[in-house]
Amino acid sequence: MYRTTIGPAQVTVTSPGGTSGGVAYYYVALPTLTAVSPGQGPMAGGTAMTLTGTNLLNATTVRFGATAAAFSVVSATQITATSPPGSTGFAQITVITPGGIGGGVAFQYVALPTLTDLSPDQGPPTGGTTVTLTGTNLGDVTAVRFGTTAAAFTIVSATQITATAPTGSAGTVQVTVTSPGGTSAGLTYTRIALPGI
């Protein structure tokens with residue numbers, strides 16, 4: 001008969017000469033994962049996250065798909081991990097302990113956004129110009145910046161965003177977009193001083 005309860009059991013050997021003294025064998029519960037936060041990040045990896053679940057105290061390995069990840073056990077219900085590099089899409093996260101392999105949550109690898117065009121690419125220092133940004137992987141963008149200044153924006157599609165140029169000094173700034181996949185390379189926007197200013 002197999003034991004199904006968690007904890008120690010005495011292991012003995014019986015022969016015609018009698019029964020040996022026992023040594024302890026421990027039954028360990030299967031680990032589970034119930035949540036990951038954040039649940040998405042760039043394909044390059046490096047996202048620090050918290051995994052929540054049960055029976056995690058003796059974790060020996062954390063994997064994203066088939067790839068092992070760096071991790072630290074915080075408690076029986078929490079692990080901190082860093083996502084390894086991966087391909088666009090979802091990777092199942094599993095944790096291995098002496099009790100077995102547990103999972104149940106997925107991490108989404110998000111592609112890096114890119115910008116290929118700004119129209120118009122210039123405007124007054126007073127701001128207010130509506131600029132159409134064209135590129136790729138723009139559907140999850142969380143910030144648009146003109147230099148270091150955040151701009152109001154609207155996601156039109158995965159390839160287009162409209163943004164309102166903020167005020168700033170005359171000259172050029174780099175326009176970038178940021179998503180869970182990372183921050184794009186910049187395109188140049190020029191603030192042209194009005195005559196007489």
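The following exchange takes up strand pairing, burial and backbone geometry in one predicted model.

User: How do you know which parts of the model can be discussed residue by residue?
Analyst: This is a predicted model, so local features need pLDDT of at least 70, side-chain atom pairs count only at pLDDT 80 or more, and totals for chains, interfaces and linings use all residues. Residues are numbered from 1 along each chain as its sequence is written, and side-chain values use heavy atoms, with hydrogens and water left out.

User: Why is Thr97 called buried?
Analyst: Buried means under 20% relative accessible area, exposed means over 50%, and partly exposed lies in between (1.4 Å probe, protein chains only). Thr97 has 7% relative accessibility, so Thr97 counts as buried. Thr97 sits in strand S12 (residues 89-97).

User: What makes the link between Thr97 and Gly99 a polar contact?
Analyst: A polar contact is a pair of N or O atoms within 3.5 Å; within protein, one must be able to donate a hydrogen and the other to accept it, and residues adjacent in sequence count only if both atoms are side-chain atoms. The side chain of Thr97 reaches the backbone nitrogen of Gly99 at 2.9 Å.

User: Which residues does Thr97 contact beyond its neighbours within four places in sequence?
Analyst: Contact means heavy atoms within 4.5 Å. By that test Thr97 is in contact with Ala29, Pro31, Asn55, Asn58, Ala59 and Thr60.

User: Why is Asn55 called partly exposed?
Analyst: Asn55 has 34% relative accessibility, so Asn55 counts as partly exposed. Asn55 lies in the loop between S7 and strand S8 (61-64).

User: What makes the backbone of Asn55 worth a look?
Analyst: Phi of Asn55 is near 55 degrees, a positive value in a residue other than glycine. Most residues other than glycine have a negative phi, and most peptide bonds are trans.

User: Where does Asn137 lie, and what is its phi?
Analyst: Asn137 lies in the loop between strand S16 (130-136) and strand S17 (143-146). Phi of Asn137 is near 55 degrees, also positive in a residue other than glycine. With a relative accessible area of 36%, Asn137 is partly exposed.

User: Which peptide bond before Pro38 is cis, and which before Pro120?
Analyst: The bond from Ser37 to Pro38 is cis, with omega near -5 degrees. The bond from Ser119 to Pro120 is cis, with omega near -5 degrees. Pro38 lies in the loop between S5 and strand S6 (40-42). Pro120 is found in the loop between strand S14 (114-119) and strand S15 (122-123).

User: How do you know that S7 and S11 pair?
Analyst: Strands are DSSP runs (E, at least two residues; helices are H or I, at least four), numbered from the N terminus. Two strands pair if DSSP finds at least two bridges between them. Strand S7 (residues 48-54) and strand S11 (residues 78-82) have five bridges, in the antiparallel sense. Leu51 stands opposite Ile79 in S11.

User: Why are S5 and S10 edge strands?
Analyst: The open sheet has four strands in the order S5-S7-S11-S10, with antiparallel pairing. Strand S5 (32-37) and strand S10 (70-75) each have a single partner strand, so one side of each is left without a neighbour in the sheet.

User: What makes S20 and S21 a pair?
Analyst: S20 (residues 171-179) and strand S21 (residues 182-183) pair in the antiparallel sense over two bridges. In S21, Gly182 is the bridge partner of Ser179. S20 and S21 form a hairpin with two residues between them.
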